[in-house]
Amino acid sequence: MCLHSEFKHSLLSLPLMATIQERLDQIRPQIPSNATLVVVSKYHAVDEIKEAYDAGVRDFGENRVQELVSKVDKLPEDIRWHLIGSLQRNKVKYIAPFITSIQSIESLALYDEVERRAAQHNRTIDCLVEVYVAQEETKSGVPYDEVEAFFAALLDRQAEGNAHIRLRGLMGMATHTDSEAEIRAEFAKLRGLFYRLKEGLMSQYPCFDTLSMGMSEDWSIALSEGSNMVRIGTAIMGPRAY
Ligand SMILES: *Cc1c(COP(=O)(O)O)cnc(C)c1O
């Protein structure tokens with residue numbers, strides 16, 4: 001009778017008892033070689049991050065600047081840090097010296113500040129535009145229908161030359177729902193937009209190659225809908241200690 005819920009229960013409880021290494025061993029083989037796994041380490045201690053690092057992870061995602069900055073110096077220098085949460089302009093300066101990518105560009109003002117700070121450090125920062133596709137008001141990003149106009153404005157800025165931002169692609173989150181059909185439809189919309197941009201406005205930008213979608217509960221759906229970067233927290237690091 002309750003086959004479905006028992007199945008769900010066993011799926012959830014097993015990985016939670018396992019170690020970070022074991023959860024990585026289970027998930028990594030399912031991620032195609034053309035896709036990047038970003039392990040989301042927010043709210044996890046430096047020791048736990050080190051455990052994932054020792055298991056070979058080099059890409060980590062954090063969503064709060066203060067927390068990220070407090071961890072960076074305590075961890076190996078070859079980690080690539082990705083900022084995945086909404087970013088206030090006045091905090092860009094703290095991460096500009098080291099951040100690999102900022103996946104939450106959602107305004108021209110934020111773009112301009114990242115450009116300014118990256119230039120100060122003579123660095124190039126990879127940026128993704130966060131797209132709002134979910135049916136949830138808590139989610140952020142540029143509304144789906146405005147993304148192409150937004151990119152047109154970003155390209156005007158890039159055309160001024162000497163850009164310190166590399167426009168790499170899109171990041172998005174699906175609605176938190178049990179409906180696989182809805183999640184799939186939202187990811188498919190993002191993929192459609194990504195390829196429209198790649199073959200249209202961004203066709204002169206070979207670096208525009210990243211479609212970041214998929215988290216602990218929907219990464220396999222995201223991969224089957226064309227994601228090439230998944231951001232997985234809980235399913236690898238375990239539950240967060242808020
Ligand atoms: C927290 C977070 C994730 C990871 O969430 P999990 O459900 O723990 O995998 C991925 N992307 C963003 C933008 C996040 O804020």
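Let's start at Ser 216: an N or O atom in its side chain sits 2.5 Å from an oxygen atom of the ligand. Do keep in mind that this is a predicted model. Two further polar contacts involve the ligand. With Arg 231, a nitrogen atom of the ligand is 2.9 Å from an N or O atom in the side chain. With Gly 233, the partner is a polar backbone atom, 2.8 Å from an oxygen atom of the ligand. And how much of the ligand does the protein bury? Taken alone, the ligand exposes 390 Å², and 91% of that is buried by the protein.

Now for the rest of the shell. Among the residues surrounding the ligand are Val 40, Lys 42, Ile 84, Met 171, Met 173 and Met 215. The list also includes Ile 232, Thr 234 and Arg 240. Sorted by class, the shell has 6 nonpolar, 3 polar and 3 charged residues.

Let me turn to helix α3, residues 46–54. Which of its residues are buried? They are Ile 49, Ala 52 and Tyr 53. These three lie on the same side of α3, because they cover an arc of only 105 degrees around the axis. Look at the other side of α3 and you find Asp 47 and Asp 54, both exposed.

So what do the buried residues of α3 pack against? There are three helices, α2 (20–27), α4 (65–72) and α10 (234–237), plus the strands β2 (59–62) and β3 (80–83). One last stop, just beyond the helix: α3 is followed by Gly 56, which has a positive phi, near 105 degrees.

Thanks, everyone!

Terms used:
Residues are numbered from 1 along each chain as its sequence is written. This is a predicted model: local features need pLDDT of at least 70, side-chain atom pairs count only at pLDDT 80 or more; totals for chains, interfaces and linings use all residues. Side-chain values use heavy atoms; hydrogens and water are left out. Buried means under 20% relative accessible area, exposed over 50%, partly exposed in between (1.4 Å probe, protein chains only). Helices (H or I, at least four residues) and strands (E, at least two) are DSSP runs, numbered from the N terminus. The arc is that of the directions from the helix axis to the C-beta atoms. Contact means heavy atoms within 4.5 Å. A residue is near a molecule or strand if one of its heavy atoms lies within 4 Å of it. A polar contact is a pair of N or O atoms within 3.5 Å; within protein, one must be able to donate a hydrogen and the other to accept it, and residues adjacent in sequence count only if both atoms are side-chain atoms. Accessible areas come from the Shrake-Rupley method with a 1.4 Å probe; for residues, only the protein chains shown count as cover. Ala, Val, Leu, Ile, Met, Phe, Trp, Tyr, Cys and Pro count as nonpolar, Asp, Glu, Lys and Arg as charged, and the others, Gly among them, as polar.
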